[in-house]
Amino acid sequence: MAENTLHNGFTAYAKFGDSKATGKLMNSKNFDKWLKDAKVQDGKRIKSTDTDIAFTKILGKKPKGTKAIEFKDLEAVLDEIASHVGKTEAKKKGVAEDGVKTELKSYIKTKLQDCSQPGLKGTTSAAKTGAVNRLTDTSKYTGSHKERFDAEGKGKGKAGRVEEKNESGYVAAYKEEGTFDKKVAEGD
């Protein structure tokens with residue numbers, strides 16, 4: 001298993017949810033997911049508003065239209081979060097800001113490094129109650145709906161919805177299509 005480093009975590013979360021992503025740029029949505037999965041963003045000490053403000057401040061220093069950060073910008077974003085949250089904490093505790101910022105940044109980095117790979121935690125799965133099973137069982141479909149699925153219950157796609165034009169020369173409902181040559185050969 002790969003060693004948990006800040007760079008590996010950044011790459012994994014930057015790629016999450018986007019099959020075309022290279023892992024070099026991370027958007028705000030994926031950054032928030034990383035912070036939530038690492039339990040950094042807890043809604044009490046560090047809120048999503050704090051992290052969004054920090055992320056946007058760093059993006060403001062980049063060319064217009066940029067919506068993602070590179071790994072080299074991560075340090076600046078973490079500094080900004082620590083600075084923003086550290087000011088508030090220092091005032092509440094009545095201590096020096098620098099000590100709180102340093103401790104907070106170290107705490108965030110450790111949590112991010114210890115975070116495992118991104119996953120789908122808390123996602124909703126499909127309900128499989130009696131009614132749902134009955135309504136989604138393709139073997140019980142009748143009429144035109146039955147034609148939309150094959151024997152295993154997989155959808156046929158467009159072939160199941162649209163009637164194909166038959167240009168074989170036979171009448172549409174003729175069941176013995178293609179047997180003329182066999183019958184003529186048998187008669188000889």
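In this predicted model, one helix pair makes a good starting point: Asp50, Thr51, Ile53, Ala54, Phe55, Lys57 and Ile58 of helix 3 are in contact with Asp73, Ala76, Val77, Glu80, Ile81, His84 and Val85 of helix 4. Sorted by class, this contact between helix 3 and helix 4 brings together eight nonpolar, four charged and two polar residues. Helix 3 covers residues 48–60 and helix 4 covers residues 71–93; the two pack with their axes 9 Å apart and at an angle of about 135°. Helix 3 is therefore oblique to helix 4. The crossing of helix 3 past helix 4 is right-handed.

Helix 2 comes next. Of the 10 residues in helix 2, seven are buried, so this helix is largely enclosed by the rest of the structure. The buried residues of helix 2 are Asn30, Phe31, Asp32, Lys33, Trp34, Leu35 and Asp37. The elements they pack against are helix 1 (6–15), strand 1 (25–27), helix 3, helix 4 and helix 5 (97–114). Both members of the helix pair described above thus appear among the packing partners of helix 2.

Within this helix, Asp37 deserves a closer look. Asp37 lies in helix 2, which spans residues 28–37. Its relative accessibility is 17%, and because buried means under 20%, Asp37 counts as buried. The side chain of Asp37 also forms a polar contact of 2.9 Å with the side chain of Tyr13.

What follows helix 2? The helix is followed by Lys39, a residue with a positive phi, near 60°. Most residues other than glycine have a negative phi. Lys39 is not a glycine, yet its phi is positive, at about 60°. This residue sits in the loop between helix 2 and helix 3. Is Lys39 buried or exposed? With a relative accessibility of 58%, Lys39 counts as exposed, whereas Asp37 in helix 2 is buried at 17%.

Further along the chain, His145 belongs to helix 7, which is made up of residues 143–146. The relative accessible area of His145 is 47%, so this residue is partly exposed. Where the chain continues to Gly160, 15 residues apart from His145 along the chain, the C-alpha atoms of the two residues are separated by 8.4 Å.

Technical notes: Residues are numbered from 1 along each chain as its sequence is written. This is a predicted model: local features need pLDDT of at least 70, side-chain atom pairs count only at pLDDT 80 or more; totals for chains, interfaces and linings use all residues. Side-chain values use heavy atoms; hydrogens and water are left out. Axes are lines fitted to C-alpha atoms, for helices over the stretch in contact, and angles run from 0 to 180 degrees between N-to-C directions. Helices (H or I, at least four residues) and strands (E, at least two) are DSSP runs, numbered from the N terminus. Angles under 35 degrees count as roughly parallel, over 145 as roughly antiparallel, 65 to 115 as roughly perpendicular and the rest as oblique. A crossing is left-handed if the near helix is turned anticlockwise from the far one by less than a right angle, and right-handed if clockwise. Contact means heavy atoms within 4.5 Å. Ala, Val, Leu, Ile, Met, Phe, Trp, Tyr, Cys and Pro count as nonpolar, Asp, Glu, Lys and Arg as charged, and the others, Gly among them, as polar. Buried means under 20% relative accessible area, exposed over 50%, partly exposed in between (1.4 Å probe, protein chains only). A polar contact is a pair of N or O atoms within 3.5 Å; within protein, one must be able to donate a hydrogen and the other to accept it, and residues adjacent in sequence count only if both atoms are side-chain atoms.
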